[in-house]
Amino acid sequence: MNRIRLLAGVAAWSLAGAVHAADYSGPLFDAHLHYNDEAQAPHPLPDVLARMQRNGVKAVVANSRPNDGTKALAASPQTRAAGIAVVPFVRLYRTRADYDNWFRDESIYTMVQTELARGTAAGPYRGLGEFHLYDSANANGAVARKLMALAEEKNLAVLAHVDDAAIDLLMASTRSKGQNSRLIWAHTGIGGAPVARVDQLFAKYPLLMGELSYRPGLTCEGGKLCPEWRALLLKYPARFMIGSDTWVNQRWEQYDDLMKGYRAWLGELPPDAARRIAWGNAANLFGMK
């Protein structure tokens, strides 16, 4: 009986591989978008909005260096006319120099408080980040610890480009020890944390979310989902989201291809799981329909 079931499973898998799944065609939520200062001359607002609009991107998490780029997106009537909702985050970087020092720079903490008090034309800031920790030990920096505690206190999401060790350290700085922390793990570990480790962290921290741009090992030949990642996405369909990570201008130039790539592998998933990852998980996190 077990052999029959195994053969049936292999046959079903072969049939699924032989038939090309239709690309996902629903709305997209770009949960990791930057509109940095160097992007604004070659890619003015009409250009970036057109890229989002033609790719069916209906909402974005915007965080920019400096925060003026996010505020420009949020304030523009063109953004509203394009039907794109902006979820603004406070970026911790005024210039590139802040990448390596923010976690211990008290002026960053002051800047964050000032920005939170001001808000944006799209409403209050909904999160902090993206921030980077190139050494996980810096998660114990005084400002990093204060910002994690502040985010949980104010129910702000956090977009963190860190390794798996830093996830534990950041969560330890919160009052709930990560049980109530809304941390979005940028790239779900750009260093390639094993699937088993991602699974372990998701089980440990119930509100931890994974954003999937640049994630090593996510897709295999032909842009199809690798089997272990497909299994993880289906195990946690309410915990993943997509993003463009337009950190350099080349990513804006590649925006169409990035979104097409997402639509292709999303089409391999059951429709409900695909829509959650493409749109619903980020929309639910920020109280959108």
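**Exercise 1. The disulfide**

What is the handedness of the disulfide of Cys220 and Cys226, and why?

*Solution.* The structure considered here is a predicted model.

Step 1. Establish the bond: a disulfide joins Cys220 to Cys226, with an S to S distance of 1.9 Å. The cut-off for such a pair of sulfur atoms is 2.5 Å. A search of the whole structure finds one disulfide.

Step 2. Inspect the torsion: about the S-S bond of Cys220 and Cys226 it is about 120 degrees, so the disulfide is right-handed.

Step 3. Classify the two cysteines by accessibility. Buried requires under 20% relative accessible area, exposed requires over 50%, and partly exposed lies in between. Cys220, at 39% relative accessibility, counts as partly exposed. Cys226 has a relative accessible area of 8% and is therefore buried.

**Exercise 2. The sheet and its edges**

Determine the strand order of the open sheet and explain which strands stand at its edges.

*Solution.* Step 1. Read the order: the open sheet has eight strands, arranged 1-2-3-4-5-6-7-8 with parallel pairing.

Step 2. Identify the edges: strand 1 (28-33) and strand 8 (240-241) each have a single partner strand, so one side of each is left without a neighbour in the sheet.

Step 3. Examine the pairing at strand 1: with strand 2 (residues 57-62), strand 1 forms four bridges in the parallel sense. Within this pair of strands, Leu28 stands opposite Val57 in strand 2.

**Exercise 3. The environment of Leu28**

Decide whether Leu28 is buried or exposed, and describe its surroundings.

*Solution.* Step 1. Locate the residue: Leu28 belongs to strand 1.

Step 2. Apply the accessibility criterion: the relative accessible area of Leu28 is 0%, so the residue is buried.

Step 3. List contacts, leaving aside residues up to four places away in sequence: Leu28 touches, among others, Asn55, Gly56, Val57, Lys58 and Ala59. Its contacts also include Ile242, Met259, Arg263, Leu266, Ala278 and Trp279.

Step 4. Consider a separation: Leu28 and Pro88 are 60 residues apart along the chain, and their C-alpha atoms are separated by 17 Å.

**Exercise 4. A nonpolar surface patch**

Name the residues that make the nonpolar surface patch, and classify Ile190 by accessibility.

*Solution.* Step 1. Assign the members: Ile190, Tyr214 and Trp247 make a patch of about 280 Å².

Step 2. Place Ile190: this residue is in the loop between strand 6 (183-185) and helix 8 (195-204).

Step 3. Classify Ile190: its relative accessibility is 35%, so Ile190 counts as partly exposed. This value is consistent with the patch criterion of over 30% relative accessible area.

Definitions and conventions: Residues are numbered from 1 along each chain as its sequence is written. This is a predicted model: local features need pLDDT of at least 70, side-chain atom pairs count only at pLDDT 80 or more; totals for chains, interfaces and linings use all residues. Side-chain values use heavy atoms; hydrogens and water are left out. Two strands pair if DSSP finds at least two bridges between them. Helices (H or I, at least four residues) and strands (E, at least two) are DSSP runs, numbered from the N terminus. Buried means under 20% relative accessible area, exposed over 50%, partly exposed in between (1.4 Å probe, protein chains only). Patches are made of residues with over 30% relative accessible area and no salt bridge: like charges are joined within 9 Å, nonpolar side chains (Val, Leu, Ile, Met, Phe, Trp, Tyr) within 5 Å. Accessible areas come from the Shrake-Rupley method with a 1.4 Å probe; for residues, only the protein chains shown count as cover. A salt bridge is a side-chain nitrogen of Lys or Arg within 4 Å of a carboxyl oxygen of Asp or Glu. Contact means heavy atoms within 4.5 Å.
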